Amino acid sequence: MGGTNPISHARSRPKNTQGVFGGIIPLQNTTLLAIAIIFSLFFILSLSCAFLGDDEDEPYFKSILNNVALNDPGIVLLGENVDVDVDEPAITIRWSIIGCGDGYVLDGSNGVHASSSCGLPPMYLQIFVDSSAEPTAVYDPSQLPFVRQSGRRRNIQNLVQFDSDHVLDVHEDRLYPFDTYVLSSTLRAVDANNATVPIRKLATLDQVSSFLVKSTDVDSYENSLNGTQMPSRDIDLEVRRPGQARAFTLLLWGISWMLTHVTIGHVLLARGHTEIKPVIKHLVSAFAILLAIPQLRNSMPDAPGFDGVLIDCIGFFPQMILSSLSVLTLLLLLILREFDLMEDKTPIIPIVGITAVDTPPAASPPKRLRSPLKPLLLGKKERTSSVQLEGGELARVKRDLKGEYVFPPVVSPAGTPSPQSVIHHRSRSSRSIFSGQGWGGRPGSVYMSELSRSSTLRTLKEQ
């Protein structure tokens, strides 16, 4: 009536702006790509800053030389390069001959390693390493050239430097990357008159490629043939791997073990597939891991050869064995899956026109030889070529063949039904149903073992 207001069936809703979801505007693919490129460049530039500012640091040997010049002037030998070769095993040290303090600096040569109090020695020197019979190095300042414009002495490396080779102690070399090497050496210097010149300091770099070097020098002396003491200087070196190298090595070792466990997981997952294509995928992945593990081993920093070190005994060798066994298992599993596919495709030819009574007993088919690995790889699942037998009807088919059920019903010689059978008629239908006490049937079939007498059924005898 007039007092009612019509209710609108569809209320107007504000339409969202295109591309806006919950008040958030999604970025386009090109915008995301540009942001990713900017972030990558910023990350690379940030890491490159690690190479900047190294020249501004104070030279490593400057404080050592100033301390010698101030407190104990004399000859200093600096190990400016230490080459560690664990495969030999040996260490090669390149020594520089330097003089510090008054009377030990050649005119025009001061300023070595940014130290104004140290330079090249002014006297002729012979250096003996580890009490060798012949001098390892000979220093002659007269052979140093001058710069014509400034008159300064040139510091020619081959004239002021020499190399000494030392054999390493390798008792802990198999503990890579926690291997540590120890070295001890003694040096002695004499002048042109064969008089001993005291060496005040021996020092080396503390960090080289892939190794940390800790040096300690000791003041010592040697006894000559006439019983006099000849001053000398000893140095002890302890060489070990830096923390970064150890961390990278252990990470690569752990990743190799994780990949090995992945190959074992591929085998377990492939056993659950009955098709060939998933097994092939697992096989390809496991084979790629098998090829990647040696590359990870070679990527370890300054790693030794495959000489049976500890990290290989608990890492590389068992990893390769387990990964190879996993690949072989997947190959065998693939072969067995191929055999199963061939068995499933074998055609079954049905026999038509022969009744169950006249069918002669069929010869038992020959038993197939089964591989002992098949239950292990494929499980205990048994397959049959007949869908009817897989449906759980094997027992019923056996009862039919034994004669427990007869079809069609038994008929007398006169052509009339046997006395055991009684024909029932429906009151409203012309269909007839045979029912006998000796008959049996499956549930749901036309013929039933017993029919309950209904008021709507009348037998012929009652008529």
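So, nine helices and 15 strands: that's what this protein is built from, and keep in mind we're looking at a predicted model. There are 463 residues, and 28% of them count as buried. The accessible surface comes to about 32,100 Å², with 58% of that belonging to carbon and sulfur atoms. If you take contacts between residues at least 6 apart in sequence, 60% of them join residues at least 24 apart.

Okay, let's zoom in on one residue, Ser164. You'll find Ser164 in strand S6, which covers residues 161-167. Is Ser164 buried or exposed? Its relative accessibility is 3%, and the cut-off for buried is under 20%, so Ser164 counts as buried. What does Ser164 touch, once we set aside its neighbours within four places in sequence? Ile91, Thr92, Ile93, Trp95 and Val129. Its side chain also makes a polar contact with the side chain of His166, at 2.9 Å.

Next, cavities. Searching the whole structure for cavities of 30 Å³ or more turns up one. The largest cavity has a volume of about 50 Å³. Three helices each give two or more residues to its lining: H4 (243-270), H5 (276-298) and H6 (310-344). Which of them gives the most? That's H6, with five residues. The lining as a whole has six nonpolar, three polar and two charged residues. Among the names to look for on your screen are Trp253, Arg297, Asp312 and Phe316.

Now for some backbone oddities. As a rule, most peptide bonds are trans, and most residues other than glycine have a negative phi. Here are some exceptions.

Going from Glu88 to Pro89, the peptide bond is cis, with omega near -10°. Pro89 sits in the loop between strand S1 (74-85) and strand S2 (90-100). There's another cis bond from Tyr176 to Pro177, where omega is near 5°. That proline, Pro177, is in the loop between S6, the strand we met with Ser164, and strand S7 (180-190).

Then the phi angles. Ala114 isn't a glycine, yet its phi is positive, about 65°. Ala114 is in the loop between S2 and strand S3 (118-119), and it's partly exposed, with a relative accessible area of 44%. Asp302 has a positive phi too, near 50°. Where is Asp302? In the loop between H5 and H6, two of the helices that line the cavity. Asp302 has 34% relative accessibility, so it counts as partly exposed.

Conventions: Residues are numbered from 1 along each chain as its sequence is written. This is a predicted model: local features need pLDDT of at least 70, side-chain atom pairs count only at pLDDT 80 or more; totals for chains, interfaces and linings use all residues. Side-chain values use heavy atoms; hydrogens and water are left out. Helices (H or I, at least four residues) and strands (E, at least two) are DSSP runs, numbered from the N terminus. Buried means under 20% relative accessible area, exposed over 50%, partly exposed in between (1.4 Å probe, protein chains only). A polar contact is a pair of N or O atoms within 3.5 Å; within protein, one must be able to donate a hydrogen and the other to accept it, and residues adjacent in sequence count only if both atoms are side-chain atoms. Contact means heavy atoms within 4.5 Å. Accessible areas come from the Shrake-Rupley method with a 1.4 Å probe; for residues, only the protein chains shown count as cover. On a 1 Å grid over the protein atoms alone, a cavity is a set of points where a 1.4 Å probe fits but cannot get out, and a pocket is an open set with protein on both sides within 12 Å along at least five of seven lines; lining residues have an atom within 4 Å of a point. Grid points are joined across faces, edges and corners, and a volume is the space filled by probe spheres set on the points. Ala, Val, Leu, Ile, Met, Phe, Trp, Tyr, Cys and Pro count as nonpolar, Asp, Glu, Lys and Arg as charged, and the others, Gly among them, as polar.
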